Amino acid sequence: MNEGGWTKLSLYNRASTSGRSPVESNVEKTDRDGLAPFFREIQHQHAIDKLTFVCIGTDRSSGDSLGPLVGTMLKEQGFPHVIGTMTEPCDADHLVSYLERIPQDHHVIAIDACLGQHGSTGMFLVAREPLTPARSVGLSLPFVGHYSVAAIVNERSPKPYWTLQMTSLHLVMTMAAYIADAAACEFGLKTASQDFPAGYRFRY
């Protein structure tokens with residue numbers, strides 16, 4: 001989880017020469033209405049069978065479960081290439097080995113939770129560059145993806161692990177459903193979005 005990050009040189013393990021994440025200048029903050037045009041743009045540029053979703057996080061923390069929840073919902077909607085689900089989370093221990101499995105000709109959409117500024121909880125950060133997982137909790141992990149969506153599930157605090165543990169699961173599940181629903185609609189895997197995404201009631 002972090003506030004974004006993307007470059008387009010390879011799938012991961014890139015660093016900017018300035019020492020800061022490239023997302024800080026390219027990220028777009030949006031509400032749920034901004035997810036559809038973001039996925040629509042990707043759909044116009046890439047075939048679904050050449051895309052891999054990397055949904056980062058763990059089922060052991062309510063705030064950090066955003067990624068695995070999205071991954072589970074995406075698989076249920078019929079996306080063929082999804083890494084990171086509730087049964088097989090893509091957490092810090094497995095991230096690098098999972099990335100190595102991705103075909104070189106695939107473009108990657110990274111999904112993660114993050115902590116944000118005061119008043120930004122419930123918003124999304126979308127970018128056309130990689131994100132840096134777990135930056136807000138001080139871990140050093142490689143950049144991931146060619147596109148990214150980061151869900152701001154709570155506010156930054158001096159104790160980020162505690163903040164993620166105490167994050168509303170209802171909020172996280174709702175935001176996860178918005179992401180999966182928007183992606184499925186724009187890639188033609190379901191009809192127009194309902195008032196509340198059916199993916200919220202996903203099957204384990």
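This report describes a predicted model of a protein chain, beginning with the whole chain and then turning to two helices and a loop.

## The chain as a whole

The secondary structure of the protein chain comes to 6 helices and 6 strands, and when these elements are read along the sequence they follow the pattern α-β-α-β-α-β-α-β-β-β-α-α. The chain has 204 residues, of which 56% count as buried. If one takes the contacts between residues at least 6 apart in sequence, 76% of them join residues at least 24 apart.

## Helix α3

Helix α3 covers residues 66-77. With its 12 residues, α3 reaches 17 Å from its first C-alpha to its last, which is close to the 16 Å expected at 1.5 Å a residue. This helix is mostly covered, since 9 of its 12 residues are buried. Those buried residues are Leu66, Gly67, Pro68, Leu69, Val70, Gly71, Thr72, Met73 and Leu74, and they pack against the strands β2 (51-55), β3, β4 (107-116) and β6 (147-155) as well as against helix α6. After α3 comes Gly78, which has a positive phi, near 110°.

## Helix α6 and its ends

Helix α6 runs over residues 169-186, and because a helix is expected to rise 1.5 Å a residue, its 18 residues should span 26 Å; the C-alpha atoms at its ends are 26 Å apart, in agreement with that expectation. Of these 18 residues, 15 are buried, so α6 is largely enclosed by the rest of the structure.

At the N-terminal end of α6, Ser168 acts as a cap, with a side-chain oxygen that lies 3.3 Å from the backbone nitrogen of His170. The helix is followed by Gly188, whose phi is positive, near 75°.

Glu186 is found in α6. Is this residue, Glu186, buried or exposed? Its relative accessible area is 19%, and because buried means under 20%, Glu186 counts as buried. The side chain of Glu186 is joined to the side chain of Arg40 by a polar contact of 2.9 Å. Leaving out residues up to four places away in sequence, Glu186 touches Ala36, Phe39, Arg40 and Gln43.

## Where the two helices meet

The axes of α3 and α6 come within 9 Å of one another and cross at roughly 35°, and this crossing is right-handed. On the α3 side, the residues that take part are Leu66, Leu69, Val70, Met73, Leu74 and Gln77, and they meet Val172, Met173, Met175, Ala176, Ala177, Ile179, Ala180, Ala183 and Ala184 in α6. Sorted by class, the residues of this contact are 14 nonpolar and 1 polar, with no charged residues.

## The loop between β3 and α4

The loop that lies between β3 (82-83) and α4 (95-99) includes His94, and Thr85 and Gly84 have their places there too.

Gly84 is buried, with a relative accessible area of 5%. Although Gly84 and Cys55 are 29 residues apart in sequence, their C-alpha atoms are 4.8 Å apart in space. Not counting residues up to four places away in sequence, Gly84 touches Cys55, Gly67, Pro68, Gly71, Thr72, Pro89 and Cys90.

Thr85 is likewise buried, at a relative accessible area of 7%. When its neighbours within four places in sequence are set aside, Thr85 is in contact with Pro68, Gly71, Thr72 and Lys75. Among these partners, Pro68, Gly71 and Thr72 are listed with the buried residues of α3.

His94, by contrast, is partly exposed, with a relative accessible area of 34%. The C-alpha atoms of His94 and Gly84 are 9.6 Å apart in space, while the two residues are 10 residues apart in sequence.

## Side-chain polar contacts

The table below gathers polar contacts between side chains, one from α6 and two from the loop.

| First residue | Second residue | Distance |
|---|---|---|
| Glu186 | Arg40 | 2.9 Å |
| His94 | Asp91 | 2.6 Å |
| Thr85 | Thr87 | 3.1 Å |

Terms used. Residues numbered from 1 in each chain as written. Predicted model: local features only at pLDDT ≥ 70, side-chain atom pairs only at ≥ 80, totals over all residues. Heavy atoms only, no water. Helix = DSSP H or I, 4+ residues; strand = E, 2+ residues; numbered from the N terminus. Expected span 1.5 Å × (residues − 1). Buried < 20%, exposed > 50% of the residue type's maximum accessible area, 1.4 Å probe, protein only. Polar contact = N/O pair within 3.5 Å; in protein donor to acceptor, adjacent residues only side chain to side chain. Axes fitted to C-alpha atoms, helices over the stretch in contact; angles between N-to-C directions. Left-handed = near helix turned anticlockwise from the far one by under 90°. Contact = heavy atoms within 4.5 Å. Nonpolar A, V, L, I, M, F, W, Y, C, P; charged D, E, K, R; others polar.
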